[in-house]
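Reader: I would like to go through this structure term by term. Please show it, and then defend the words you use.

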Amino acid sequence: MERRGFLRNVALGSVAVSWLGARRGPTVLAAGIDKPAVLGGTPLYKGGFTSWPQWRQDWEPAILKVFRSGRWFRGSSSGEVPQFEEAWAKLLGAKKALATASGTTALTVALHVLGVDAGDEVIVSPFTFIASYNAILACKALPVFADTDPATVTLDPATIESRITDRTKAIMPVHIYGIPCDMDAINPTARKHKLGVVEDACQAWLASYKGNKAGTLGDLGCFSFQESKHIPAGEGGAITSMREELIDRCQSYHSCGQAVGTFQGKGSFTRGMNYRMMHVQAALLLEQFDKLRQETALRQSNADRLSAGLRQIPGIAPMKLPGENTRPAWHLFPFGYDAQQFHGMPRNRFIQALGAEGIPCGGGYREQYNDGLLDEAIQSRGFQRLWSAARLKAYRDSFQELKGNQKTCANTVTLSQRVLLADPSVMDKIVAAVARIQKHSAAIAKA
Ligand SMILES: Cc1ncc(COP(=O)(O)O)c(C=O)c1O
C-alpha cells in the first residue's frame, strides 16, 4: 500500500497521531494526546484480545458421541482419527496424512522413517521451539544448525551446504511462526546430497509457499495441535506427505510396528512405538476446520495491513516472504527492531512501551543452544560413543558462528496470533502505537 493510501486508512477515532512527524519534524498535536503510555499518556488501545483456546458449545455433541461410543482408542480403520486424517490431507492437498499424539512424536516418527539413526546428523533451523532439537536428539542424532536469515527468521538456504558431512541424513526446515521456508532453495540441496526433508510445520497450518501448502513441500511434513495452536486439541499432531508409502511406514512405526496399507500382511516387519492420537482429539479437530479456514484468512489480511503500516516506520522491518503467493499462517507476527533508529532504546524497553499502549508483545526465541540441553547430550555416554571428541568440540564451538541467528534472537519483536484476530482497525492502532514510540524514542529511552 502506498504511504499516502495507508495514511488515509489509519483510523484512530479522535486521536490525532501522525508518525510522519518523526521524519518531517514535529506535527501539531493536541497537548497530552500524543504522550506515550509508558510515559504516563493514555494507551492507544484498551480493548484487549481474545483468549485462547476457544470452546464452542455446538462442538459438544460430536465430542460426547465419541465418549458415549466406548470406542476411544484408534484400534481399527474406522472412526474419527481416520476421518480426520482424510480431511486433513484433503485440506492441504497432500496425498495422505497420519494423526499422532503430538508434534514432537510426529517429527520423531518422520525422522525415523526417513532413516535417521544413531550417529547421524540432521541440519535444522536454530530459531525454533525446542521440540525440533529434541526430536532429532530422540533419534540419537545430532541437530546441526544452519543459520537464520534475520529478514525472514527462517533457515538461510545459503548456509546449509557447508554443514553437510558424511553423517548428514536429513534437513529439517522449520516454518517458524507459520512463515514458510524458501523450499525451492532447500530441496535441490537435499536432492543433490540424497538427504530426506522433514518440514517442521508445527506452527504452519494452512500456510502456503508459492501456492502449495506447508506439509506438502518436503518428503514429510509435521504439525502440532497442542493447546496454543491455531487448531488445538490439547495435544496432538499429524504427518503429511505426497508419498503414500512413506505415510504407511509412519503409521506402522507410530503404532507398535503393525503392518498397514502398502505393508499389509507383512506381520511385525518393522520396529514401532505407541504415538497414537485418540478419537476424541480427532473429533475436536474435525469440528474446527471451518474456524481454522476463516481465522487464517483474517490473520493473513490483518498481517498484510500491519506489515504495510509498520514498513513505513524507520527501524521496523516486517518479514520478507519467499516468493509470490506465499501466505504465512502467522502463529506469531514477528518484525525486526533496529534500536539505532529508536535512539538506542533497548528492545526490552520497546516491548515494555508497546505493552503499555495495550499491545502485548514479546521477543521470541532465545539462543537456546546455549541453554544446556546440547551440552547434556554431547556429554552423555551414548553421544560420546557415537562421535569423536574432536567432532563434538567442533560442533559445540560452531554455535558461535550463527551470526544471523544471534541477530534474529536479539532484534525480533513478536505479536501473538490472538492480536491478528482483532478487528482490522486495531492493526492501525498498533501501527500508530509503534509510530508514537518511535517519535518519542529519545524520551522513552532516557526515562
Ligand atoms: C516449531 C515447533 N516444532 C515442534 C513442536 C512440538 O509440538 P508438540 O508440542 O505438539 O509436541 C512445536 C510445538 O509447540 C513447535 O512450535
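Author: What follows takes each term in turn and sets it against its criterion. The model is predicted.

Reader: What makes the protein chain as compact as a globular protein of that length?

Author: Start with its make-up: 17 helices and 13 strands. The radius of gyration is 23 Å, and the globule rule gives 22 Å for 447 residues. The two values are close, so the chain counts as compact as a globular protein of that length. Along the principal axes, the C-alpha atoms fill a box of roughly 80 × 60 × 35 Å.

Reader: How much of the chain is buried, and what does the word require?

Author: Buried means 20 or more other C-beta atoms within 10 Å of the residue's own. In the protein chain, 47% of the 447 residues are buried.

Reader: Why is E5 called largely enclosed?

Author: Five of the five residues of E5 are buried, so the rest of the structure largely encloses this strand. Both of its faces are covered. Gly196, Val198 and Asp200 are buried on one side, Val197 and Glu199 on the other. In a regular strand, side chains alternate between the two faces of the sheet.

Reader: How do you know that E4 and E5 pair?

Author: Pairing takes at least two bridges. E4 and E5 have two, in the parallel sense. Isoleucine 171 stands opposite valine 197 in E5. E2 (residues 121-124) and E4 (residues 168-172) also run parallel, joined by four bridges. There, valine 124 stands opposite methionine 172 in E4.

Reader: Why are E1 and E3 edge strands?

Author: The sheet is open, with seven strands in the order E1-E9-E8-E5-E4-E2-E3 and mixed pairing. Strands E1 (96-100) and E3 (142-145) each have a single partner strand, so one side of each is left without a neighbour in the sheet. From one strand to the next, the twist averages 25°.

Reader: Which helices lie on the sheet, and at what angles?

Author: H4 (residues 80-92) lies across E1 and E9 (237-241), at about 130° to E1. H5 packs on the sheet too, touching E1, E2, E4, E5, E8 and E9. The direction of H5 makes about 165° with that of E8.

Reader: What makes a residue part of the shell around the ligand, and which come nearest?

Author: The C-beta atom must lie within 6 Å of the ligand. There are 14 such residues, and Gly103, Thr104, Ala131, Cys202 and Ser224 come nearest. Helices H5 (103-113) and H6 (131-138) each supply at least two residues of the shell. By class, the shell has nine polar, four nonpolar and one charged residues.

Note on methods:
Residues numbered from 1 in each chain as written. Predicted model: local features only at pLDDT ≥ 70, side-chain atom pairs only at ≥ 80, totals over all residues. Nonpolar A, V, L, I, M, F, W, Y, C, P; charged D, E, K, R; others polar. Rg over C-alpha atoms; globule rule 2.2 N^0.38 Å. Buried ≥ 20, exposed ≤ 12 C-beta atoms within 10 Å, placed from the backbone. Axes fitted to C-alpha atoms, helices over the stretch in contact; angles between N-to-C directions. Contact = placed C-beta atoms within 7 Å.
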